[in-house]
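Welcome! Please take a moment with the sequence and the model, and then work through the exercises at your own pace.

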Amino acid sequence: MPASSITLPPPLLGETLAAHGFDAGDFEVEHDPEPDLSAALGLQDSLLLVRRRSTGAVRFYLGASWYTAVVSDLTTGEFGRA
């Protein structure tokens, strides 16, 4: 299976992070970080990992609703304060 790649947040997420007072450069996004786990669990959608470097906060998201879930986690403080 192909290795996952760690990147800076996509532009829309980067804009959302900035709107909430976060530095997009402090976040990493990794698409399907555990493909074997995804396959073993029979997931129809791949996982998306979002990590804030400065705090070490990590959250996993599944499927097309990941963006809404990330925004919710930003507003509830799951990634710490901006």
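Below are four exercises, each followed by a worked solution.

Before starting, note that this is a predicted model, in which local features need pLDDT of at least 70 and side-chain atom pairs count only at pLDDT 80 or more, while totals for chains, interfaces and linings use all residues. Residues are numbered from 1 along each chain as its sequence is written, and side-chain values use heavy atoms, with hydrogens and water left out.

**Exercise 1. The overall layout**

Find how many helices and strands the protein chain has, and in which order they run.

Solution.
- Step 1: Helices (H or I, at least four residues) and strands (E, at least two) are taken as DSSP runs, numbered from the N terminus.
- Step 2: The protein chain has three helices and four strands.
- Step 3: Read from the N terminus, the order is β-α-β-α-β-β-α.
- Step 4: Of the 82 residues, 33% are buried; buried means under 20% relative accessible area, exposed over 50%, and partly exposed in between (1.4 Å probe, protein chains only).
- Step 5: Among contacts in the protein chain with a separation of 6 or more, 42% join residues 24 or more positions apart. Contact here means heavy atoms within 4.5 Å.

**Exercise 2. A pair of helices**

Describe how helix 1 and helix 3 pack, and say which residues meet.

Solution.
- Step 1: Two packed helices are described by the angle between their axes and the distance between the axes.
- Step 2: For helix 1 (residues 11–19) and helix 3 (residues 66–75), the angle is about 15° and the axes are 11 Å apart. The axes are lines fitted to C-alpha atoms, for helices over the stretch in contact, and angles run from 0 to 180 degrees between N-to-C directions.
- Step 3: Helix 1 and helix 3 are therefore roughly parallel, a term for angles under 35 degrees.
- Step 4: From helix 1, Leu12, Leu13, Thr16 and Leu17 meet Trp66, Tyr67, Val70, Val71 and Leu74 of helix 3.
- Step 5: The residues of this contact comprise eight nonpolar, one polar and no charged. Here Ala, Val, Leu, Ile, Met, Phe, Trp, Tyr, Cys and Pro count as nonpolar, Asp, Glu, Lys and Arg as charged, and the others, Gly among them, as polar.

**Exercise 3. Valine 70 and valine 58**

For each of these valines, decide whether the residue is buried, partly exposed or exposed, and list the contacts beyond four places in sequence.

Solution.
- Step 1: Valine 70 lies in helix 3 and counts as buried because its relative accessibility is 1%.
- Step 2: Apart from neighbours within four places in sequence, valine 70 contacts Leu13, Val50 and Tyr61.
- Step 3: Valine 70 and leucine 13 are 57 residues apart in sequence, yet their C-alpha atoms are 8.7 Å apart.
- Step 4: Valine 58 belongs to strand 4 (residues 58–62) and is partly exposed, since its relative accessibility is 28%.
- Step 5: Not counting residues up to four places away, valine 58 touches Leu49, Val50 and Arg51.

**Exercise 4. Arginine 52 and glutamate 34**

Which of the terms buried, partly exposed or exposed fits arginine 52, and which fits glutamate 34?

Solution.
- Step 1: Arginine 52 sits in strand 3 (residues 47–52) and, with a relative accessible area of 9%, is buried.
- Step 2: Neighbours within four places aside, arginine 52 is in contact with Phe22, Asp26, Phe27, Ala57, Phe79, Gly80, Arg81 and Ala82.
- Step 3: Glutamate 34 is in the loop between strand 2 (27–31) and helix 2 (35–40), and at 43% relative accessibility it is partly exposed.

Technical notes:
Angles under 35 degrees count as roughly parallel, over 145 as roughly antiparallel, 65 to 115 as roughly perpendicular and the rest as oblique.
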